[in-house]
Amino acid sequence: MLESRSDLPVEARAVLEEEEVLLERVRAALDRARRRGHRAAAPRELRSIAALRELRDEAAAASADDLPAVLLEMNVRQRLIEQEPREALPDPRCPYLAHLRVDEGKGAKDYLLGHATFLDPSADVRILDWRVAPVAQIFYRYREGDEYEETFPGRVAEGVVKARRIVVVERGVLTRIVGDGLVLTQRGDGRWAMEERASLAMQPGGAGTAARPGSLGVGAGAQDRATAADVTALLDPEQYAAVCAPAQQPLLVLGSAGSGKTTVALHRLARIAALDPARSPLSAMSVVVPEEGLARLSRRLLAPLGAGEAQVKTLDAWSAATAREVFGRPIALCADPPALVSSLKRHPALYRALGRRFAKLAPASTTLPRLRRRLADVFTDRGFLEGVVAASGGDVPQSAVEETVRHTVLQIAEPLEKELASIVVPEMKQAIDGRAIAEGTPDELAGTLDVDDLPILLFLRAARRGLEGAGWSHLVLDEAEDFSLFELYVLGKLLGEARGVTLAGDEAQQTSSSFAGWDAALSTLGVGDAATCRLAVSYRCPRPVTELARRLLGKLAPEAPARAARDGAPVGRFRFPSEAQAHLFLAGALRDLAGREPRASVAVIARDQDAARQLHALVADLPEARLVLEGEFSFEPGIDVTDVDSAKGLEFDYVVVPDATAAAYPMTDEARRRLHVAVTRTSHQLWLIAGAAWSPLLEDAAER
């Protein structure tokens with residue numbers, strides 16, 4: 001036993017021995033409780049009542065210091081009495097997740113955070129449920145050596161954090177200790193090793209490496225690079241040649257993440273406007289992007305180049321505005337259509353199928369009411385939809401058929417407002433909570449269209465009748481791999497005679513099933529003769545991230561790998577047996593980074609919005625932490641907790657992927673591209689954290 005830790009410094013050996021003694025004390029206490037039938041299996045009500053009685057007995061015998069924790073647990077048990085029962089005792093194979101030692105002036109006291117509460121004051125064992133115990137706030141909010149003051153039920157706690165450690169116990173064996181500045185790991189041969197302290201903190205110096213509002217950087221890393229001329233001078237020869245392409249030449253700019261596609265596209269727009277403002281006024285130019293975050297960034301980046309007046313819209317905003325203008329009436333939209341329905345409506349297979357079905361549609365039949373009826377017939381025709389699914393090549397699952405039919409039936413129903421038209425008292429048209437009667441119910445969908453329906457309606461109108469209105473002098477489509485053929489067709493019909501357009505994209509970053517290939521995209525847009533510019537250098541991401549990103553793509557990676565412009569910080573990888581331990585570690589790491597790098601932009605990029613909301617709750621008390629959904633970025637220093645879709649097209653100094661697990665990113669092409677998008681948002685350092693088994697994509701990448 002002593003040989004297994006002989007290489008450790010004295011301080012590290014003391015920590016290890018302390019945790020081993022504590023684990024043995026806990027296991028002994030649990031064993032005694034189990035032998036005396038502690039919380040033996042019983043019907044839920046009896047078990048809850050017995051637990052409360054036992055806690056009352058413990059309260060009667062508890063010391064003044066332990067009494068608040070016991071009383072709190074009584075309160076929690078009372079609230080949970082109607083919920084599903086949890087295990088009676090903590091699992092001895094992993095009884096707790098973390099160890100917190102505090103001193104409130106009466107001597108040090110140890111608290112253990114776990115999934116279930118177990119108190120044995122006689123053995124000096126206090127395991128508290130980390131999800132509900134107020135003492136967990138100290139673990140989240142403070143570091144070792146910090147003084148704290150927290151308001152708990154019935155008292156104000158003041159003291160000093162003496163020890164703060166994540167403790168990994170697997171199958172009853174202590175295997176890892178992660179403290180503030182200390183990592184001890186048991187190797188496969190049973191020997192203990194101490195990892196570098198630096199591995200617990202993100203590398204400093206990252207603030208300002210990502211492009212800031214007001215500057216179109218290409219990853220040169222100079223802080224506060226401000227003037228437009230200076231930034232333009234940083235363009236490499238390939239980028240500069242693309243920017244200077246003739247205005248009348250349609251251009252496709254391809255490149256990996258961080259290669260400067262957005263830089264080139266926006267510089268080109270600004271240059272065209274500056275060279276010939278009479279023929280190409282800014283008011284006749286437009287930028288269309290898939291997500292709100294990229295739209296906001298584009299507006300800010302264009303301002304110092306003199307192109308701030310250029311219209312920048314998301315695809316959804318553009319299609320809604322265009323549909324209102326073309327059809328001449330307001331359109332009620334469904335705010336959140338099912339994902340399966342959206343994937344079917346955006347797929348190239350539907351574009352081709354509708355083109356055939358409505359090839360002979362009369363121009364007079366392209367009014368909005370008539371098109372809506374025809375579209376409803378299509379989306380409730382199971383035979384037609386099954387043909388689309390079959391033609392999708394596996395991109396759209398069979399379940400999308402019934403989901404689309406169900407969703408459409410709800411939308412074509414008579415709106416409840418019409419049935420209530422005879423009621424003259426406004427209050428009678430509202431629910432008890434003051435909301436409209438249909439709000440939050442399936443009836444809310446009645447009379448609506450999905451935002452994905454709008455490009456389809458416009459496509460049918462444009463194909464059979466044309467679109468009125470003046471065309472753009474120049475159009476920029478960024479992240480163009482996420483545009484559907486319906487959208488591209490309509491955008492093409494709105495191009496001016498000069499056919500001025502710049503597309504920027506990367507097929508490896510598509511996050512939907514709408515991409516039909518660049519040849520089909522250009523042909524549908526009406527610019528099949530577009531020139532192609534390939535950017536070969538990745539300026540945003542340091543070499544460790546660039547290499548990881550290529551390995552993640554696997555078979556989807558382009559033949560010619562992107563060249564990294566610089567070396568950089570290594571990718572941090574941290575895996576824990578449980579999500580709770582991963583979250584505890586992440587909260588501490590973010591607090592540390594915010595304290596050391598207050599001017600840095602940090603993104604915690606979760607797999608989806610629900611996961612982002614849960615993660616934000618861990619650091620919500622940090623003034624630097626913001627929950628950013630639907631692309632509502634401020635681009636100020638701080639911590640943005642967001643999701644993959646919202647972060648696409650953006651860059652940050654530091655990026656953390658907090659759920660790099662098999663559940664979040666399975667071995668699928670879609671997951672490959674989404675994880676690739678997440679990891680390539682960083683300009684300085686990337687961390688990957690998993691609270692379960694690693695994603696097989698990362699395991700596969702490690703073997704390449």
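Residues 24 or more positions apart account for 71% of the contacts (heavy atoms within 4.5 Å) in the protein chain, counting those with a separation of 6 or more. Welcome to a predicted model, in which local features need pLDDT of at least 70, side-chain atom pairs count only at pLDDT 80 or more, and totals for chains, interfaces and linings use all residues. Residues are numbered from 1 along each chain as its sequence is written, and side-chain values use heavy atoms, leaving out hydrogens and water.

**The chain as a whole**

- The protein chain has 24 helices and 25 strands; these are DSSP runs numbered from the N terminus, with helices being H or I of at least four residues and strands being E of at least two.
- Of its 704 residues, 55% count as buried, meaning under 20% relative accessible area, with exposed being over 50% and partly exposed in between (1.4 Å probe, protein chains only).
- About 30400 Å² of the protein chain is exposed, and carbon and sulfur atoms supply 51% of that area; the areas come from the Shrake-Rupley method with a 1.4 Å probe, and for residues only the protein chains shown count as cover.

**The sheet from β12 to β17**

- Here six strands form an open sheet with parallel pairing, in the order β12-β11-β15-β16-β10-β17; two strands pair if DSSP finds at least two bridges between them.
- Because β12 (311–314) and β17 (531–535) each have a single partner strand, these edge strands are left without a neighbour in the sheet on one side.
- From one strand to the next, the twist averages 15 degrees; angles run from 0 to 180 degrees between N-to-C directions, and axes are lines fitted to C-alpha atoms, for helices over the stretch in contact.
- Strand β11 (residues 285–289) runs parallel to strand β15 (residues 474–478), joined by four bridges, and Val288 stands opposite Leu477 in β15.
- Helix α8 (residues 292–302) lies across β11, β12 and β15, at about 170 degrees to β12.
- Helix α18 (residues 518–525) also packs on the sheet, where it touches β10 (251–255), β15 and β16 (501–505), and its direction makes about 155 degrees with that of β16.

**Helices α11 and α17, with Thr524 alongside in contact**

- Helix α11 (residues 348–357) packs with helix α17 (residues 485–493) at an angle of about 60 degrees, their axes 8 Å apart.
- That angle makes α11 oblique to α17; under 35 degrees counts as roughly parallel, over 145 as roughly antiparallel, 65 to 115 as roughly perpendicular, and the rest as oblique.
- Pro348, Leu350, Tyr351 and Leu354 of α11 make the contact with Leu485, Phe486 and Tyr489 of α17.
- Thr524 belongs to helix α18 and counts as buried because its relative accessibility is 14%.
- Apart from neighbours within four places in sequence, Thr524 is in contact with Tyr351, Leu485, Leu488 and Tyr489.

**The sheet from β20 to β22**

- Another set of six strands forms an open sheet with parallel pairing, ordered β20-β25-β24-β21-β23-β22.
- Its edge strands, β20 (572–575) and β22 (625–627), each pair on one side only, and the twist averages 20 degrees from one strand to the next.
- Four bridges pair β20 with strand β25 (residues 682–690) in the parallel sense, and Phe574 stands opposite Ile689 in β25.
- Helix α19 (residues 543–553) packs on the sheet and touches β20 and β25, its direction making about 55 degrees with that of β25.
- Helix α20 (residues 579–596) runs at about 155 degrees to β25 and lies across β20, β21 (601–606), β23 (638–643), β24 (652–657) and β25.
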